[in-house]
Amino acid sequence: MTGPVLSVEDLRVAIGKNPVVDGVSFSVAAGEIVSLVGESGCGKSMTAFSIMGLLPPVASVTGGSVILSGRQVNGLDAKALKALRGNEMSMIFQEPVASLNPLMPVGRQIAESLLVHRKLGRGEAQRQAIAMLEEVGIPEPALRAKQYPFELSGGMCQRVMIAMALITRPRLLIADEPTTALDVTIQAQILELMKRLRTETGTAILLITHDMGVVADIADRVAVMYAGRIAENAAVDDIFREQRHPYTRMLLSTIPRLDGSDAKSFLPTIKGTVPDIGHWPEGCRFSTRCPLMDGECRKTPLLVPAGADRDAACWHQDLIGGLI
Ligand SMILES: Nc1ncnc2c1ncn2[C@@H]1O[C@H](COP(=O)(O)OP(=O)(O)OP(=O)(O)O)[C@@H](O)[C@H]1O
Ligand SMILES: [Mg+2]
């Protein structure tokens, strides 16, 4: 099939009257890893939950579409969504322990999707679950499979969640900070597993992370989010080489530059945090923190082409190179 596995078009989500996701568009092709980055509170998890049809009751989709393999999934009824989740699309949650069933051995929880969606027998499903536990780096997987979540460490529960998400080899995997709680060796192993999944299975991966090192290591494209909107969207090599939005420049200045120059000098000029929902400024939402702000920024910048195969939403794209 041609076309992207996931296409998000002008997605809008609100909590009460306040928008939290405000016209977000991006797509993820088969075998592609797109990273969604941005500071805390900018709407990354809300975007992910909307795709999965798992928004908390306080939030609702107010516009736009989520299209999975050519089929619109927002607006589907609960039964149809359930048939897709844990099957064609899976998510690794930011808070894994809360997402596991405390009353069921972890092996059975992993095997469950194979029983439901793949109609495998219990023995075969359990065998595959144990193999998956091994793949995510859990020692003595056959033994661990019989244990309950409370008998495992936080890092192990995280890996069980990852095993649950990967067991059906989904078309789309959303990973929301999947490796934050894990030590670096396990983190590297999980990232390798995701790379293998996209190569061998063609899974499209949307990876939400704060870690620009992880982005550089694994992502093909990056979508930078700020206060409910996409600020910039580009291939990973392009965005690390040159930024077309001052916010991206700020995010990337928090990691050491490979060329040895000191990009940190830009950081002191941008302070503060993402404004809370309901308190977003008029026009460009980054303007209150931006060293390039002028009268023009009172108008909302649209996401427009900013070079070959990249977009940015800034009135002063051409001045960013001059920022140090
Ligand atoms: N259950 C909720 N009730 C009310 N507001 C919420 C709820 N969940 C999130 N929000 C608000 O929605 C906004 C976007 O939250 P979201 O969780 O999508 O941010 P995020 O980009 O994933 O941040 P982080 O990097 O911290 O995970 C935030 O301002 C947050 O306070
Ligand atoms: Mg989040």
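# Helices, a pocket and two cavities

Guide: The crossing of α4 and α5 is right-handed. That term applies when the near helix is turned clockwise from the far one by less than a right angle, while an anticlockwise turn counts as left-handed. What you see is a predicted model, in which local features need pLDDT of at least 70, side-chain atom pairs count only at pLDDT 80 or more, and totals for chains, interfaces and linings use all residues. Residues are numbered from 1 along each chain as its sequence is written, chains are lettered from A and ligands numbered from 1 in the order in which they are written, and side-chain values use heavy atoms, leaving out hydrogens and water.

Visitor: What makes α4 and α5 count as being in contact?

Guide: Contact means heavy atoms within 4.5 Å. On the α4 side, the residues involved are G107, R108, I110, A111, L114 and L115, and on the α5 side they are R122, A125, Q126, Q128, A129 and L133. Seven of these residues are nonpolar, three are polar and two are charged. Ala, Val, Leu, Ile, Met, Phe, Trp, Tyr, Cys and Pro count as nonpolar, Asp, Glu, Lys and Arg as charged, and the others, Gly among them, as polar.

Visitor: At what angle do the axes of α4 and α5 cross, and why is α4 called oblique to α5?

Guide: The two axes come within 8 Å and cross at roughly 125°. Because that value is outside the ranges for roughly parallel (under 35 degrees), roughly antiparallel (over 145) and roughly perpendicular (65 to 115), α4 is oblique to α5. An axis is a line fitted to C-alpha atoms, for helices over the stretch in contact, and angles run from 0 to 180 degrees between N-to-C directions.

Visitor: Why is α4 called roughly parallel to α7?

Guide: Their axes come within 8 Å and cross at roughly 20°. The angle is below the limit for that term, so α4 is roughly parallel to α7. This crossing is right-handed. V106, Q109, I110 and S113 of α4 meet V160, A163 and M164 of α7, a set of five nonpolar, two polar and no charged residues.

Visitor: And what makes α7 roughly parallel to α8?

Guide: Here the axes come within 12 Å and cross at roughly 5°, and that small angle is why α7 is roughly parallel to α8. R159, I162 and L166 of α7 touch I186, I190, L193 and L197 of α8. The classes are six nonpolar, no polar and one charged; R159 is the charged one, because Arg counts as charged.

Visitor: How do you know what is a helix?

Guide: Helices (H or I, at least four residues) and strands (E, at least two) are DSSP runs, numbered from the N terminus. For example, α5 spans residues 122-135.

Visitor: What makes a space a pocket or a cavity?

Guide: On a 1 Å grid over the protein atoms alone, a cavity is a set of points where a 1.4 Å probe fits but cannot get out, and a pocket is an open set with protein on both sides within 12 Å along at least five of seven lines. A lining residue has an atom within 4 Å of a point. The largest pocket has a volume of about 580 Å³, and 19 residues line it, with R85, G86, S113, H117 and M164 nearest its centre. Helix α4 gives the largest share of that lining, five residues. A volume is the space filled by probe spheres set on the points, which are joined across faces, edges and corners.

Visitor: How many cavities of 30 Å³ or more are there?

Guide: Two turn up in the whole structure. The largest holds about 60 Å³, and its lining has nine nonpolar, three polar and no charged residues.

Visitor: Which residues line the second largest cavity, and how many of them are charged?

Guide: E135, L166, R169, L193, R196, L197 and E200 line this space of about 30 Å³. Four are charged and three nonpolar: E135, R169, R196 and E200 are charged because they are Glu or Arg. Helix α8 gives the most to this lining, with four residues.
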